[in-house]
Amino acid sequence: MGLTPLDWRDKVNDRNLKLNNGVATEHKKVTQAEKHIIAKNENKEGIFTWKEALRQAIDEAKSVCENREQFQEYLKQNFEIEMPRNTKKTVSFIHPAVSKSSVRGATLGEDYTAENIDKQLNNNYQERIRNHQEYNK
């Protein structure tokens with residue numbers, strides 16, 4: 001590839017610097033199974049893995065909910081996605097396409113960890129409070 005043994009450290013440091021400065025975004029974690037499904041169906045349009053469908057459902061729920069209870073209920077009612085593990089540090093999800101097999105949020109990517117889900121839900125809550133206060137002025 002034309003890289004010397006130490007070049008990879010420079011590339012990693014450059015990438016981390018870009019991530020910290022908001023220039024680049026972190027890619028979602030793609031598992032080997034997902035890579036295989038994508039490669040197998042590369043010529044077909046609209047092929048999504050169940051994990052990508054799960055990510056999209058979680059993203060939607062994160063955009064409209066304000067707390068974990070609402071989040072869990074929204075996923076259950078709208079997408080039939082269950083959350084067998086819903087603790088302060090860890091969340092896991094069961095997609096209806098693969099019932100009985102759960103996947104942890106961290107496996108889906110950094111945006112789907114319990115900590116980052118809570119940050120988004122808290123931001124939604126704070127935004128609602130700000131809007132309510134401005135409305136009542």
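This is a short tour of the structure, one selection at a time.

The model is predicted, and residues are numbered from 1 along each chain as its sequence is written. Local features need pLDDT of at least 70, side-chain atom pairs count only at pLDDT 80 or more, totals for chains, interfaces and linings use all residues, and side-chain values use heavy atoms, with hydrogens and water left out.

**The sheet.** Start by selecting β1, residues 82-86, together with β2, residues 91-94; strands are DSSP runs of E with at least two residues, helices are runs of H or I with at least four, and both are numbered from the N terminus. Strands β1 and β2 pair in the antiparallel sense over three bridges, where pairing requires that DSSP finds at least two bridges between two strands. The two strands form a hairpin with four residues between them, and R85 can be found opposite S92 of β2. Now add β3, residues 103-104, to see an open sheet of three strands in the order β1-β2-β3, with antiparallel pairing. The edge strands are β1 and β3, each of which pairs on one side only. Next select α4, which packs on this sheet by touching β1 and β2, contact being heavy atoms within 4.5 Å.

**The core.** Select L54, I58, F71, L75, F93, L108 and I117, which touch the most other members of the largest nonpolar core, a set of 18 residues. Such a core is made of buried Ala, Val, Leu, Ile, Met, Phe, Trp, Tyr and Cys residues joined through side-chain atoms within 4.5 Å, and buried means under 20% relative accessible area, calculated with a 1.4 Å probe and protein chains only. The elements that give two or more residues to the core are α3, α4, β2 and α6, and α3 gives the most, with four residues.

**Helix α6.** Finally, select residues 114-135, which make up α6. Its buried residues are A114, N116, I117, L121 and N124, and they pack against α3, α4 and β2. If you add α3, residues 50-64, you can see I58, A61, K62, S63 and V64 of α3 meeting I117, Q120, L121 and N124 of α6.

Methods
Buried means under 20% relative accessible area, exposed over 50%, partly exposed in between (1.4 Å probe, protein chains only). Axes are lines fitted to C-alpha atoms, for helices over the stretch in contact, and angles run from 0 to 180 degrees between N-to-C directions.
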